[in-house]
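Me: I have a protein in front of me and would like to know what lies behind the labels people put on it. Could we go through them together?

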Amino acid sequence: MKVSCPNPLKLEEFEALSESLGKPLVTDRHVLNDKRTVQELSNNGLFSNDDVGWHHDWSYGRGNYFGTILQNVKNAHLSPTWFCDMSKAPQSLKDDYVGMIGSYYPPVDLLDKCFTDRQLKLLSKQKVTRPFIINHHVTNEEILYYSISTIQEVSPKLLWEDLEFNNIKEWIEENAIIHEWEDNDILIWDNLKMQHKRVAFEGERMLWRTQFII
Ligand SMILES: [Fe+2]
């Protein structure tokens, strides 16, 4: 969902809006508020200006962070955000992955930028796994969950060697929706359904983000 504001929200307004949506994730790096729930994404901070490949937020963390809210603070238009609604994957594609489970961990290039040593130790211990086929807890929609940039292993292991997942990757690229950012845009999305990515860019770009449980 896109919300267009006449003026950018102040930090306390953004915090209040995110709390009205659900229970926010508390984190440690790049946080802006005392509650540690609002993170700054920027070209010289979190995610820098590199490619950020297809993923679902918090795929590698325990708990289900079902929603994400993102505000354009400065020049978000320098790199559009790409989305793909994984609940819309055709049944034939979902059927290929019934019974499979993925295990998740943050991608190597984000380890230092996004997490403290304590968080990484915890994530490594938790070894979060998620089935490829999940049912949404609110809408009951069937979702093909395969966070491309954060998946580490798949079980059963034999199938991992047989499949390259190209049919999912091709379907995602063909069905992507590109959001071209405008001034003061706020996007709120269902993180279970919406896989997303962005491409590398040049220049100063800044957004605020909160992830939350509903
Ligand atoms: Fe994300």
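**Thr210 and its surroundings**

Reply: Gladly, and let us start with one residue: leaving out residues up to four places away in sequence, Thr210 touches Ser18, Pro24, Thr37, Val38 and Ile69. This is a predicted model, in which local features need pLDDT of at least 70 and side-chain atom pairs count only at pLDDT 80 or more, while totals for chains, interfaces and linings use all residues. Residues are numbered from 1 along each chain as its sequence is written.

Me: What makes Ser18 a contact of Thr210?

Reply: Two residues are in contact if their C-beta atoms, placed from the backbone, lie within 7 Å. Ser18 is among the residues that Thr210 touches.

Me: Why is Thr210 called buried or exposed?

Reply: The label comes from a count: a residue is buried if 20 or more other C-beta atoms lie within 10 Å of its own, exposed if 12 or fewer, and partly exposed in between, with C-beta atoms placed from the backbone. Thr210 has 26 other C-beta atoms within 10 Å, so it is buried. Thr210 is found in strand β16. Its C-alpha atom is separated by 19 Å from that of Asp183, which is 27 residues apart from Thr210 along the chain.

**The whole chain**

Me: How do you know how many helices and strands there are?

Reply: They are DSSP runs, numbered from the N terminus: helices are H or I over at least four residues, and strands are E over at least two. For this protein that comes to 6 helices and 16 strands.

Me: What does the radius of gyration say about a compact globule?

Reply: The radius is taken over C-alpha atoms, and the globule rule is 2.2 Å times the number of residues to the power 0.38. With 214 residues the rule gives a value near 17 Å, and the protein has 17 Å, so the two agree. Along the principal axes, the C-alpha atoms fill a box of roughly 50 × 35 × 35 Å. Buried residues make up 32% of the 214 residues. Of the contacts with a separation of 6 or more, 81% are between residues 24 or more positions apart.

**Strands and sheets**

Me: What makes β3 and β16 partners?

Reply: Two strands pair if DSSP finds at least two bridges between them. Here 4 bridges join β3 to β16 (residues 206-213), and the strands run antiparallel. Leu41 stands opposite Leu207 in β16. With β4 (residues 46-47), β3 shares 2 bridges and runs parallel, and there Leu41 stands opposite Leu46.

Me: How do the side chains along β3 alternate?

Reply: In a regular strand the side chains alternate between the two faces of the sheet. In β3, Gln39 and Leu41 point to one face and are buried, whereas Glu40 and Ser42 point to the other and are not.

Me: Why do β5 and β13 stand at the edges?

Reply: The order in their open sheet of 4 strands is β5-β15-β7-β13, with antiparallel pairing. β5 (52-55) and β13 (177-179) each have a single partner strand, so one side of each is left without a neighbour in the sheet. β5 pairs with β15 (residues 194-198) over 2 bridges in the antiparallel sense, and Val52 has Arg198 as its bridge partner in β15.

Me: Which strands are at the edges of the sheet β9-β8-β12?

Reply: This is an open sheet of 3 strands with antiparallel pairing. Its edge strands are β9 (129-131) and β12, each pairing on one side only. β8 (residues 101-104) and β9 pair over 3 bridges, with Gly102 opposite Arg130.

**Backbone exceptions**

Me: What makes Arg36, Asn184 and Pro156 worth a look?

Reply: Most residues other than glycine have a negative phi, and most peptide bonds are trans. Arg36 is not a glycine, but has a positive phi of about 60°; it lies in the loop between β2 (23-24) and β3 (39-42). With 15 other C-beta atoms within 10 Å, Arg36 is partly exposed. Asn184, also not a glycine, has a positive phi of about 65° and lies in the loop between β13 and β14 (185-190). Its count is 16 other C-beta atoms within 10 Å, so Asn184 is partly exposed. Finally, a cis peptide bond with omega of about 0° joins Ser155 and Pro156, and Pro156 lies in the loop between β12 (151-155) and α5 (157-162).
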